[in-house]
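The following exercises introduce a single protein chain. Each task is followed by a solution that proceeds step by step.

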Amino acid sequence: MSKISGPAAAALASLCPDNVIFLQSLPKAELHAHLNGSIPVKTILELAQKYPPSGAHAAEVADTIEKLGSGVDFNEISDFFFLMSVIYALTSTPEAVATVTRAVLQSFLNPADDGAESPQCAYLELRSTPRATTHMTRERYLVTVLDEIETYPATQAALIVSVDRRMSDLDLAECVSLAIEMKNRGRRVVGIDVCGDPRSGDMRSFTHHLSRAKGAGLGLTVHIAEHTANTTEDSLALLSCRPDRLGHATFLSDELKAFESADPCIEICLSSNLLGKSVASLDAHHIHYYLKNDHPIVICTDDKLPFRTSCLGEYSLLLAQPPLGLGLSRDDVARIARMGMDAAFLRPRDCRSRL
Ligand SMILES: [Zn+2]
C-alpha cells in the first residue's frame with residue numbers, strides 16, 4: 001500500500017542496485033512536503049475505521065477511502081481536492097492531528113520496516129496550514145503538530161506555517177502572528193509558506209504580513225507561478241517580499257527570473273508537476289533552466305500521498321536515463337542533494353547552537 005507508482009516508480013525500477021544504494025545513502029533535505037498530503041495510506045485507513053464516515057457525503061467518502069486502500073491512483077485534480085476534504089474530516093480533533101503528524105514524521109525520518117529506502121530524508125521541513133475546527137483552535141492545532149515534530153532533534157525536523165491564498169486578511173494576520181509567537185516561545189517554527197489555489201487571492205494584500213514574518217526572523221517560501229493564469233503582478237507582489245525559496249515557479253517568465261536577485265532556491269517537485277499536468281514531460285520541465293543556469297534547487301515530494309512518490313523516487317527521476325529520467329551523473333545528483341541541505345531554513349549551524 002505504501003508502494004510508489006507512476007513516473008517515480010518507473011525511474012526507480014530502471015536503476016541498477018548500485019545506483020539505488022547510492023541514492024539511498026545521499027543525505028537529502030525534504031523542504032516542500034504538505035502534512036495532509038503526505039499521510040501514509042495505512043494511517044488514513046486506520047482513522048477511517050476509528051471514525052466511520054457519516055453525513056451527506058458518507059458514501060462518496062467511503063468510496064474514496066476504498067480507492068485508497070486498493071491502490072487507485074489519484075491523478076485527477078478533482079479527486080485530489082475531494083481526498084483532501086476527506087482527510088480534513090478525519091483529522092478534526094487534536095488527537096487525530098497528532099496521529100497523522102506522527103505517522104508522516106515516521107514515514108520520512110524513521111527507517112522503514114523493510115529497510116528498503118529509509119530514512120527517506122535526513123532533514124524535513126514539514127508544512128501545514130493552522131486549522132480551526134469545532135474541536136480545536138488554530139493555536140491548539142499548531143501546538144499539537146509542534147509537539148510531535150519536537151520529538152525529533154532540531155537537526156532533523158521543523159515546521160513551516162502555511163497561509164492560504166484564499167484567507168481573509170484577519171485569518172492571515174492570525175496565522176502569521178501565531179507563527180511569530182511560537183517562534184518567540186522557542187517552538188520549532190522556521191518559516192512561512194503561501195499555498196492554496198493559485199488562481200485565488202490578491203497577493204498585494206499579503207505582502208505586509210509576509211514582510212512582518214520575515215522581519216521576525218522566519219524564512220519565507222511561496223508557491224509562485226504555478227498556473228498559467230498567474231499574472232506578472234501576482235508574482236511580482238510575492239517576489240517583492242524577497243522570499244528565500246520559491247515553490248514550483250513553473251511559469252515564471254524570464255523577466256521575473258532576472259528579478260530573483262537574491263537567488264532564492266527553487267523547490268522542484270517533479271512527480272507533482274507531471275501528474276498534476278502543469279508540465280507535459282520531463283523534457284519540458286523548468287528544472288533544465290535552473291540546472292543550466294546553476295541556480296539553487298531542492299528536490300521535493302509536495303504531496304506524496306496522492307502522487308504516490310517518495311524522496312528516493314524523486315531522486316531516481318534525476319539519475320535514471322531518458323526518457324524515464326533526466327540522465328544526470330552521480331556527481332550532479334550529489335551536488336543537488338547538497339544544495340537542498342543548504343537551502344534549509346534551520347541551517348546546521350543554527351541546529352548546533354540549539355542542541
Ligand atoms: Zn506545494
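Helices, of at least four residues, and strands, of at least two, are DSSP runs numbered from the N terminus. The model examined here is predicted.

**Exercise 1.** Determine how many helices and strands the protein chain has, and how its radius of gyration compares with the globule rule.

*Solution.* The protein chain contains 17 helices and eight strands. Its radius of gyration is 19 Å, and the globule rule gives 20 Å for 355 residues. The two values are close, so the chain is as compact as a globular protein of that length. Along the principal axes, the C-alpha atoms fill a box of roughly 50 × 45 × 45 Å.

**Exercise 2.** Describe the largest nonpolar core and state which helix gives the largest share of it.

*Solution.* Of the 355 residues in the protein chain, 45% count as buried. The largest nonpolar core holds 100 residues. Helix α6 (residues 94-109) supplies the largest share of this core, namely seven residues. L159, A179, I192, I268 and V298 have the most contacts inside the core. Leaving aside residues up to four places away in sequence, I268 touches I287, I297, V298, I299 and C300.

**Exercise 3.** Decide whether D234 is buried or exposed.

*Solution.* D234 belongs to helix α10 (residues 232-239). A residue is buried if 20 or more other C-beta atoms lie within 10 Å of its own. D234 has 20 such atoms within 10 Å, and therefore it is buried. In sequence, D234 and P198 are 36 residues apart, while their C-alpha atoms are 9.7 Å apart in space.

Note on methods:
Residues numbered from 1 in each chain as written. Predicted model: local features only at pLDDT ≥ 70, side-chain atom pairs only at ≥ 80, totals over all residues. Rg over C-alpha atoms; globule rule 2.2 N^0.38 Å. Buried ≥ 20, exposed ≤ 12 C-beta atoms within 10 Å, placed from the backbone. Core = buried A, V, L, I, M, F, W, Y, C linked by C-beta atoms within 7 Å. Contact = placed C-beta atoms within 7 Å.
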